[in-house]
Amino acid sequence: MKTTLPSAPAVPTPPVGKSTATGSAAKARRSEVRFLSGLGHIALAVWAVIVIVPILWTFLAAFKNTGEIFSSPWTLPAELRWENFGRAWTKAHVGRYFVNSVIVVGCSTFGTMLLGSMAAYVLARYKFWGNRAVYYLFVSGLAFPVFLALVPLFFVVKNLGLLDTHTGVILVYTAYSLPFTVFFLAAFFRTLPNSVAEAGMIDGCSHTRLFFQVMLPMAKPGLISVAIFNIIGQWAQYQLPLVLLSNAKDKWVLTQGIADISVNAGYEADWSGLFAALTIAILPMIIVYAIFQRQIQSGLTAGAGK
């Protein structure tokens, strides 16, 4: 007896014209992506050259004397003149300004992260009347230019008796950095799982303990990212200390000191000392970013991946 097996259903074949059109469209999209990617790489390369070349030139000039800086600016120094850094550190008082900057930026960053994380956590995790209004009030600070507030800020700090003091500068730095900190961390705290917070409350955690011992460690990537951005921004700040520390030279921060050195360099011709001072100011931020770059990147992308 002959058995006939059922035949497999025929697979419909797309029309030749339609398949060709689809392939052409995909090929065109790939070509467009490659073209845009190439433009992006070119733009990044140009930007890298614009940023890196002046920094390298500054580092090289820090080891030259004044004659080499002007006669052969693009060549390597004949010898490494470490005395330029010693002269900038002692004679130009860069050491004192450096310590002042470390104190001011360290204290203000700590205050910013403490207050900003608490405010962002409450705004992100708790519902209460006026929540959105308070949040948008913080965010509006991002759009407010700081130089518009310099005059009223000067009189406020003066009336508080904190003019020409590090305390006044620390408080202003903290307030100035809070909008960005709250804006970033509020979005980050919203991505944290509610189940962990609920488990902590069931185990008897108070709201304070839940924040400091449970939620804050979970937000470590975001905290590190925001802290590094605040350190870099406050380290390079010039307008605020110029207004608030104008009459207390012994309390100047590094940006004020370098500006003063640049003015004096025009009369004393100590350009090598100026570039050595600039190198001392630039290197700490480059080192900090190089050490924490992975944490910064993970903090910026953690919220998108959850």
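Let's start at a single residue: Asp 164 is buried, with a relative accessible area of 18%, which puts Asp 164 under the 20% limit for that label. Its place is in the loop between H6 and H7. The backbone at Asp 164 deserves a look too, since phi there is near 60°, a positive value in a residue other than glycine. Please keep in mind as we go that this is a predicted model.

A second residue makes a good companion to Asp 164. Phi of His 93 is near 65°, again a positive value in a residue that is not glycine. His 93 sits in the loop between H3 and H4. At 33% relative accessibility, His 93 counts as partly exposed, whereas Asp 164 is buried. If you like to check backbone torsions by hand, these two loops are where to find the pair.

Now let's step back to the whole chain. What do we find when we count helices and strands? There are 13 helices and zero strands, and reading along the sequence gives the pattern α-α-α-α-α-α-α-α-α-α-α-α-α. The chain has 306 residues, and buried residues make up 35% of them.

Next comes the interior. In soluble globular proteins, nonpolar side chains tend to be buried together. Here, the largest nonpolar core holds 34 residues, and the members that touch the most others are Val 94 and Leu 254. Seven helices are worth colouring in your viewer for this part: H3, H4 (94-125), H6 (150-159), H7 (166-190), H11, H12 and H13 (271-305) each supply at least two residues of this core. Which helix gives the most? That is H13, with seven residues.

Just before H12 in the sequence there is another residue to visit. Val 253 is found in the loop between H11 and H12. With a relative accessible area of 4%, Val 253 is buried. Its C-alpha atom is separated by 8.0 Å from that of Val 99, although the two residues are 154 residues apart along the chain.

From nonpolar contacts we can turn to charges. Side chains of opposite charge can pair when their charged atoms come close. How many salt bridges does a search of the whole structure find? The search finds three. One of these joins Glu 68 and Arg 81, with the closest N and O atoms 2.7 Å apart. Glu 68 lies in helix H2 (residues 66-71) and Arg 81 in the loop between H2 and helix H3 (83-90), so this pair ties together parts that are 13 residues apart in sequence. Both partners are covered: Glu 68 is buried at 13% relative accessible area, and Arg 81 is buried at 10%.

Arg 81 has another partner as well. Glu 79 forms a salt bridge with Arg 81, the closest N and O atoms being 3.8 Å apart. Glu 79 is partly exposed, with a relative accessible area of 47%.

The remaining pair to look at is Lys 249 with Asp 260, whose closest N and O atoms are 3.7 Å apart. This pair links distant parts of the chain, eleven residues apart: Lys 249 is in the loop between helix H11 (239-244) and helix H12 (254-268), and Asp 260 is in helix H12. Lys 249 counts as partly exposed, at 41% relative accessibility. As for connections among the bridges, shared partners join Glu 68, Glu 79 and Arg 81 into one network.

We can finish on the surface, where H1 has something to show. A positive surface patch is formed by Lys 27, Arg 29, Arg 30 and Arg 34. Lys 27 belongs to helix H1, which covers residues 16-61. At 54% relative accessibility, Lys 27 counts as exposed, because the label applies over 50%.

There is also a nonpolar patch on the surface, with an area of about 1000 Å². Its members are Phe 35, Leu 36, Leu 39, Ile 42, Val 46, Trp 47, Ile 50, Val 51, Ile 52 and Leu 56. One of them, Ile 50, is found in helix H1, the helix that also holds Lys 27 of the positive patch.

Methods: Residues numbered from 1 in each chain as written. Predicted model: local features only at pLDDT ≥ 70, side-chain atom pairs only at ≥ 80, totals over all residues. Heavy atoms only, no water. Patch = residues over 30% accessible without salt bridge, like charges linked within 9 Å, V, L, I, M, F, W, Y side chains within 5 Å. Areas by Shrake-Rupley, 256 points an atom, 1.4 Å probe, with all protein chains shown as cover. Salt bridge = Lys/Arg side-chain N within 4 Å of Asp/Glu carboxyl O. Lys, Arg positive; Asp, Glu negative; His and termini not counted. Charge placed at Lys NZ, Arg CZ, Asp CG, Glu CD. Helix = DSSP H or I, 4+ residues; strand = E, 2+ residues; numbered from the N terminus. Buried < 20%, exposed > 50% of the residue type's maximum accessible area, 1.4 Å probe, protein only. Core = buried A, V, L, I, M, F, W, Y, C linked by side-chain atoms within 4.5 Å.
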